[in-house]
Amino acid sequence: INHADNNFDSTVAAISTLLRTQTINLKATADSLINDSAYISVSITNKAGHKFPSGYPSRRATLQMIALKDNGDTLFASGLFDNNFELLNVDTSDFERHYNVINDSTQVQVYEMVMADVNGNKTTVLERANNHLKDNRIPPLGFTSTHFSYDTVKVIGDAQTDEDFNKVGLIEGTGKDIVHYHIPLHGYSGKLTVYTNIFYQTLPLSFLNEMQNFSSAPIDSFLQMYALADKTPVWIDGDTLLNILNPASINSIEPEISISITPNPTENGIVSVTATNASLKEYKLFNSNGELVMSKILPSNNGKSMIQLPGKKGIYILKLLTSKGVFIRKILFM
């Protein structure tokens, strides 16, 4: 009796658990909602000891962002799949570029390695591969371009100049990527719910385009098995932002005055807010989930106020009512 496949299902289950618990951590933050746009940043941290995704170059990971109105209608969506689990709105003629900022639903963040042949054309055939057109797979913690083996695992393409890809300023090795979504609101003034997810695919259908141009017993057998296989992308991690406050409902158009917040970032949670050519009337402070955590009516004709943030560190959204309009500012409590 052949027992070679006895542990097949348990092995698949173990791999799925590893993917969901030991590879990626995703965190979404509502930075601000102003000028008819929602600014959401998504941080993806690599918890593995190698690039993610790694291994055979068919593997890819996709970042998905869906913003819903309070009635459930979709306001913005990037990274959706069709019925065959192929990505919608990606560049099918070549490959999808790497993004630091995504402001259109036709832009999708795909983490992958793309090969090129000797003529510089994209290929998915290993024997034809000569160099890379793209490699924005998320590096592990401590990964730097000065390492002696970097020439074999280079970052290729737009990720090289992305200031949030594996670096803070000029310091490399963060092991994470931060993607900034600028979501057009188109006049919508209600609350937002934002869903962010990252999905992993071992072998997307598009990777087989070159193979399907040929026919042989092994190729035909493989394509038949692939057609019957479950090709559902594996959900790795996600984060949800519920009921994000939208200041568009209270007029977020800034008049020609200056608002300064110092120090920002703050380490002790105390900041000074100063309005030039205007007086401060009231402020409301919201956490990154859009929840009101503090509010205060200020004395008349006062252009300066000290604010003690709540004890919990993180990103806060400050809504200032002044004599010349409403201002929204982000405060970072480190």
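Let us start at Ile 183, which, leaving aside its neighbours within four places in sequence, is in contact with Asp 36, Ser 37, Ala 38, Ile 40, Met 65, Ala 67, Leu 75 and Phe 76. The model you are looking at is a predicted one, and this residue is a good place to enter it. Ile 183 belongs to the largest nonpolar core, a set of 39 residues, and is listed with Ile 40, Ile 44 and Tyr 181 as having the most contacts inside that core. Seven strands each supply at least two residues of the core: β1 (24-34), β2 (37-46), β3 (60-69), β4 (74-78), β11 (171-184), β12 (192-201) and β13 (234-244). The largest share, five residues, comes from β1. There is also a second, separate core of 18 residues, and among its members are Ile 259, Val 273, Tyr 283 and Tyr 316.

One of the contacts of Ile 183 deserves a visit of its own. Ala 67 is found in strand β3, and its relative accessibility is 0%, so it counts as buried. Not counting residues up to four places away in sequence, Ala 67 touches Asp 73, Thr 74, Leu 75, Phe 76, Ile 183, Thr 193 and Val 194. For a sense of distance, try finding Asn 121: it is 54 residues from Ala 67 in sequence, and the two C-alpha atoms are 36 Å apart in space.

Now step back to see the whole chain. Its secondary structure comes to two helices and 20 strands, and the C-alpha trace spans about 85 × 50 × 45 Å along its principal axes. Of the 334 residues, 43% count as buried. Among contacts between residues at least 6 apart in sequence, 64% join residues at least 24 apart.

How confident is the predictor in all this? The chain averages a pLDDT of 89, and 94% of the residues score at least 70. Among the elements, strand β6 (residues 109-111) has the highest mean, 98, while strand β20 (residues 325-333) has the lowest, 82. Over residues 248-255 pLDDT stays under 50, and the model has 18 contacts for this stretch beyond four places in sequence. Where pLDDT is low, the predicted coordinates should not be read in detail.

Next, look at how some of the strands pair. One open sheet has three strands in the order β14-β15-β18, with antiparallel pairing. At its edges stand β14 (258-262) and β18 (304-308); each has a single partner strand, so one side of each is left without a neighbour in the sheet. From one strand to the next, the twist averages 20 degrees. Five bridges join β14 to strand β15 (residues 270-276), and Thr 262 has Ser 272 in β15 as its bridge partner. Thr 262 is also where a cis peptide bond begins: this bond joins it to Pro 263, with omega about -15 degrees. Pro 263 itself lies in the loop between β14 and β15.

Another open sheet of three strands has the order β8-β7-β9, and its pairing is antiparallel. Here β8 (122-123) and β9 (131-135) are the edge strands, each pairing on one side only. Two bridges join strand β7 (residues 113-116) to β8, and Met 115 stands opposite Thr 123 in β8.

The loop between β4 and β5 is also worth a stop. Glu 86 lies in this loop, and is it buried or exposed? Its relative accessibility is 14%, and since buried means under 20%, Glu 86 counts as buried. A polar atom of the Glu 86 side chain lies 3.1 Å from the backbone nitrogen of Leu 205, and a polar contact of 3.1 Å joins the side chains of Glu 86 and Ser 206. Beyond residues up to four places away in sequence, Glu 86 touches Arg 60, Leu 80, Phe 81, Pro 204, Leu 205 and Ser 206. Phe 85 is found in the loop between β4 and β5 too. Phe 85 is not a glycine, although it has a positive phi of about 65 degrees, and at 27% relative accessibility it counts as partly exposed.

A few other backbone details round off the walk. Asn 166, in strand β10 (residues 165-168), also has a positive phi, near 60 degrees, in a residue other than glycine. At 5% relative accessibility, Asn 166 counts as buried. Finally, the peptide bond from Phe 52 to Pro 53 is cis, with omega near -10 degrees, and Pro 53 is found in the loop between β2 and β3.

Note on methods. Residues numbered from 1 in each chain as written. Predicted model: local features only at pLDDT ≥ 70, side-chain atom pairs only at ≥ 80, totals over all residues. Heavy atoms only, no water. pLDDT = per-residue confidence, 0-100. Helix = DSSP H or I, 4+ residues; strand = E, 2+ residues; numbered from the N terminus. Contact = heavy atoms within 4.5 Å. Pairing = 2+ DSSP bridges. Axes fitted to C-alpha atoms, helices over the stretch in contact; angles between N-to-C directions. Core = buried A, V, L, I, M, F, W, Y, C linked by side-chain atoms within 4.5 Å. Buried < 20%, exposed > 50% of the residue type's maximum accessible area, 1.4 Å probe, protein only. Polar contact = N/O pair within 3.5 Å; in protein donor to acceptor, adjacent residues only side chain to side chain.
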